[in-house]
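Some questions follow on how terms are applied to a structure. Each reply sets a value against its definition.

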Amino acid sequence: MAAAESPSAALRRRDLCSRGIRLAGKMRADVVDLLDAYVEQQGLDASASVAAMEGVPLAAVERWDEQTGTQRLLENLAAYRAFRTLLAQMLEEQREQLGEADAGLGRALAAVLLQVSAFAYHLEELLRLESRGIPGEEGDGPPPPPRLSLFEQKLRGLGVLRELAQWAVRSVRDLRQLGKPSSAAGTAPGLAESP
Amino acid sequence: MCSMFSRWNWVACGFYLVLNICSPDGGLVQSCGHIIPESPVLALGSNFTALCILNESCLDFGNIYASQIIWKIKNKLVPKEQYREINRTVSSVTFNDTSSLATPLTCNILADGQIEQNIYGITVTVGLAPEKPKNLSCIVHQESVLTYVMNCTWNPGRHTFLDTQFRLRHSWPEEIFPDCIPKDVNNSCTITDIQFFVNTEIWVEATNALGKAESDPLVVDPIDIVKPLSPQNVSVSSGVLPTVLQLCWVNWISDAVMMLKFNIRYRIVGETNWMEVPSEDTASTRTSFIVQGLRPYTEYAFSIRCMKEDGVGYWSDWSEEKTGMTTEAQPSKGPPIWRIIDTSHSPAFWTVHLLWKALKPFEANGVILQYEVTIRDKSSPSSPVKKYNVTSTNHTLQLREGTYEVTLVARNSVGSSPPSVLLIPASNSKAPVKNLRTLPKHDKLWVGWTAPNSYVLKYVIEWCLVSSSSDCIIEWQIALGGVQGVDLKGIKPFKCYLITVYPLYADGQGSGQSVKAYLKQDRPSKGPTVQTKKVGKAEAVLTWNHLTVEEQNGFIRNYTILYKTIDGNETVVTVDPSKTEYTLSSLTSDTLYTVRMMASTDNGSRTGPDFTFTTQKFGKGEIEAIVVPVCLAFLLIVLLGVLFCFNKRDLIKKHIWPIVPDPSKSNIAQWSPQVPAKHNFSSKDQTYPEGSFTDVSVVEIEADDKKSFSEQDLKPFDLLKKEKSTSEGHSSGIGGSSCMSSPRQSVSDSDEGDTTQNTSSTVQYSTVVLNGYRDQTPVQVFSRSESTQPLLDSEERSEDHAGGADSTAQRQQYFRQNGGQDETNTDRPCFERTKQITHANEGDLVGFVQLQISGQSSQPLGLGMEKNTQEAAVSNVLQTCTEGQTVRPETVEENPLSVDEMPKSYLPQTVRQGGYMPQ
């Protein structure tokens, strides 16, 4: 497929990959910073472990190195779409809880939300370049989470941010894999790397 | 209805219209019409048509129609050519160019063509549609670690005259972000929610009532237009080496956002020029850097900036400066050293002032703790080497005249400098530099020279500020042997500097060459004060003092003397600057002159105070040349006058004090027939024994005052005395004067006038001398008395008897008879003298005669002996010259009587006392 790719498309793909990698890197950095601010703001323990929650996509994956490029893009796109919804919900909850009292945290959440959206856009563009159809978003997104207590909301937020940070790392690796000239969306990468 | 009542009808119509105008719709009063469009916004330059539509009700009630409509812009009537009556209720007006429009545009009606009433008015707004914004550019400014804002600017285009809204818009392909609406400005806006790594489309929309325009979109990833914050918390720390410093800082932008590259600049504190670390050494993200190649013990200031590693974007501002100091190192070179030798006390013993300059910081490489001075006597190598540790930069030594080698080392805490060596030779006998010259260069004075032929190690340039009030304080610097010119710093303008250059050789020193120079010249600060040293009739010697060097402000090229009279033209004289005196010549005498003096440098002149002087009326020696000759002439005249008067004293006396004969003193009075004549001949008896003169009567006229006679005056008298003594016969006496009148003519033919004059004036007695020389006929010398005194009776008688030649002959004969005995002895001299007197100098003779008669002053001048001689001579003359005269026998008989006998016989005592004899 790469051989059939036009030079402009290859350039475009390389540019998108490069930009996506940097975006994922910045997103990870911002999420890490946001995590610190969030833990402090919400009065949580940074070392507290959060169990897997429903609706939060997990970055960990088995046989990562065996995934094809398209598969990686699709999984990433699905994950970031989910994070976009989760972050938007967190932002809403944040505004409800704190109002304008902590605008900084809200702005940081909004910034991460934008980055997630931007990354999702990158993935969609890459998928278009792969001549793959872009899966439509499932209705209004995932089903609304069950009504949680305030503390549960905080813990879920912590879990979302932690998982997003993980996803950012994975996405960097996925895009680097995709950006290699020898890589092909439909072929599995080598076994050398793992997330 | 209105047409039915002509006057009241119009009034009612007007009232109706007013009510209609004042009444809004639905109000009490309705408007009679309106304009379409209502308050339009028009494009400038476009055409525009407005319609005025009358209400039907007004047509019926007011009887007004569209034909009566007039249009106005403000209060200016629109030409009717622009009107058009569409129907009876609608009138239109058309403007081809809206630029002629103004607000308000009103529709009015002329009721019956006279009363103008306003129907409706609209506000017209004219403007332009917005132009397409151009030159859109954006910069993402980092405001904090996580905060970025994007500021975009654009060119809004022409002024639209309308309210135009600009909005900055940006979007992702699938997401449009909120617009950024500028506040208070129309050409920039700042977007706060910037997300990197996504191409963002940015554009500007401009909108107003006439339209909308969009700029070309700018598609950019905001990360590519970031201007990051400069590195923060810069710190500088010294390293192990004295030439390095380590910088550390914090980047405010995370590596996840962008990788950075850096610029590091540094400078020595106090200097202005920055140096930069090569950019390739700082082209990657880092938070520290070691700057190398620095000077030891030097304080540096550092500043850092950064930008995206790939160079896309903008450089951050320079960070705040941070300073750091390198550690010490040993001095890199020895201090420059020089000496001043004072031989004023004794040429054989020098006072050597060693001077050296403190090392520059980059040479000292630390704090110089002390200097070590070593003196080695090259004249006597066996003498010990002297060492001195000095903390100042000079040292004074007392040395014998000779050749010395001085070594100087500077020490700091790390080590010693290389030694500086100065050779002090016994004499500066080497070749000097040539062609020493100076040239001002801005604030520096360049000193150049031509190197001697020999190899020169280095040159020492001495200079000092020349001052009239203080000593020349020497400054100096050393130049390497290869250079032939240096710039002297710290030179003040308008000051005179004496610059001396010494070449230093490996084996000696050349003599110094000096030159005076100014960095910048000005005109003198004052002019010379001139005054006169000497003023003459046509010249004046001016003197002045040289200006002090502080007053000169430059090289005095010349002095200019300007002088003039009060009403005359000014004369200018240029004088050599070395002079202090000048002589003005060709001046007008006795004239007031004003003189002033100007000193000139290359940059101007200054004139001193005026000085006035007046030339003298007379030149030197003129007065003396006039006065002395006048005095001399006066003295000469006086002297000549005195001499003349002296010579002519008798004549003068005769005129002034005529002699009045005193009869009582007259010898005649004493010479009475009864009494023998007075004889006062002391030697008479010896010369002429009484027996031989018994027949001769002698008349002696005594002078009371002979003091006025000089010897010269007496000369003729002496001559005559001789003549008398040698003449054979003379006659004397009053009687002779009259009887000898005829012989007188034969005697002095040549001086007849004089004789006549004398005869007629003052000669009171006459003497007749008849000389004969041997066998020659004696010449008769005749002198006539001009006395006005009456002659005595005896004289009268004698005169009567001696009237003709016969009587003369008789007298001669008679004289021979009585005196023939000694005739041969006395005849010759008497003849010669008489002849001489007669022909050569009758005046003398006259004087003699006068002397004989009135010589009252001869006695004081003559000595006693002379008096006696004179008297004897007179006696002789009288005796000898009476020969041939008519002499009464009685006289001859009485002749032997002595002088002592005279008063006894005749003269009363009163005569001797000056009284007058009764006549």
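Q: What makes strand 11 and strand 12 of chain B a pair, and in which sense do they run?
A: Two strands pair if DSSP finds at least two bridges between them. Strand 11 (residues 134–142) and strand 12 (residues 148–155) of chain B share seven bridges in the antiparallel sense, so by the rule of at least two bridges they are paired. Within this pair, B:Val140 stands opposite B:Met150 of strand 12. The model is predicted: local features need pLDDT of at least 70, side-chain atom pairs count only at pLDDT 80 or more, and totals for chains, interfaces and linings use all residues. Residues are numbered from 1 along each chain as its sequence is written, chains are lettered from A and ligands numbered from 1 in the order in which they are written, and side-chain values use heavy atoms, with hydrogens and water left out.

Q: What is the order of the open sheet of four strands in chain B, and why do strand 15 and strand 19 count as edges?
A: The order is 15-12-11-19, with mixed pairing. Strand 15 (188–191) and strand 19 (226–227) of chain B each have a single partner strand, so one side of each has no neighbour in the sheet. The strands themselves are DSSP runs (E, at least two residues), numbered from the N terminus.

Q: Which strands of the open sheet 34-35-38 are edges, and why?
A: This sheet of chain B has three strands in antiparallel pairing. Strand 34 (434–441) and strand 38 (485–488) of chain B have one partner strand each, so each has a side without a neighbour in the sheet. On average, neighbouring strands of this sheet are turned by 20° against each other, direction ignored; the axes are lines fitted to C-alpha atoms.

Q: How do you know that strand 34 and strand 35 of chain B pair?
A: Strand 34 and strand 35 (residues 444–450) are joined by six antiparallel bridges. B:Pro440 stands opposite B:Leu445 in strand 35 of chain B.

Q: Why is the meeting of A:Arg19 and B:Asp221 called a salt bridge?
A: The term requires a side-chain nitrogen of Lys or Arg within 4 Å of a carboxyl oxygen of Asp or Glu. The side chains of A:Arg19 and B:Asp221 are at 2.2 Å, N to O, and therefore meet the rule. One salt bridge is found across the interface of chain B and chain A.

Q: How many residues of chain B are in contact with chain A, and what area is buried between the chains?
A: Contact means heavy atoms within 4.5 Å, and 19 residues of chain B are in contact with 19 residues of chain A. The buried area (accessible area, 1.4 Å probe, lost on putting the two parts together and summed over both) is about 1,500 Å², with carbon and sulfur atoms giving 59%. In chain B, B:Glu174, B:Gln195 and B:Phe197 lose the most area to chain A, together 37% of what that side buries.

Q: What makes the bond between B:Thr103 and B:Pro104 cis, and where is B:Pro104?
A: Omega of this peptide bond is near 0°. B:Pro104 lies in the loop between strand 7 (90–95) and strand 8 (105–111) of chain B. A cis peptide bond also joins B:Ile36 and B:Pro37, with omega about 0°.

Definitions and conventions: Axes are lines fitted to C-alpha atoms, for helices over the stretch in contact, and angles run from 0 to 180 degrees between N-to-C directions.
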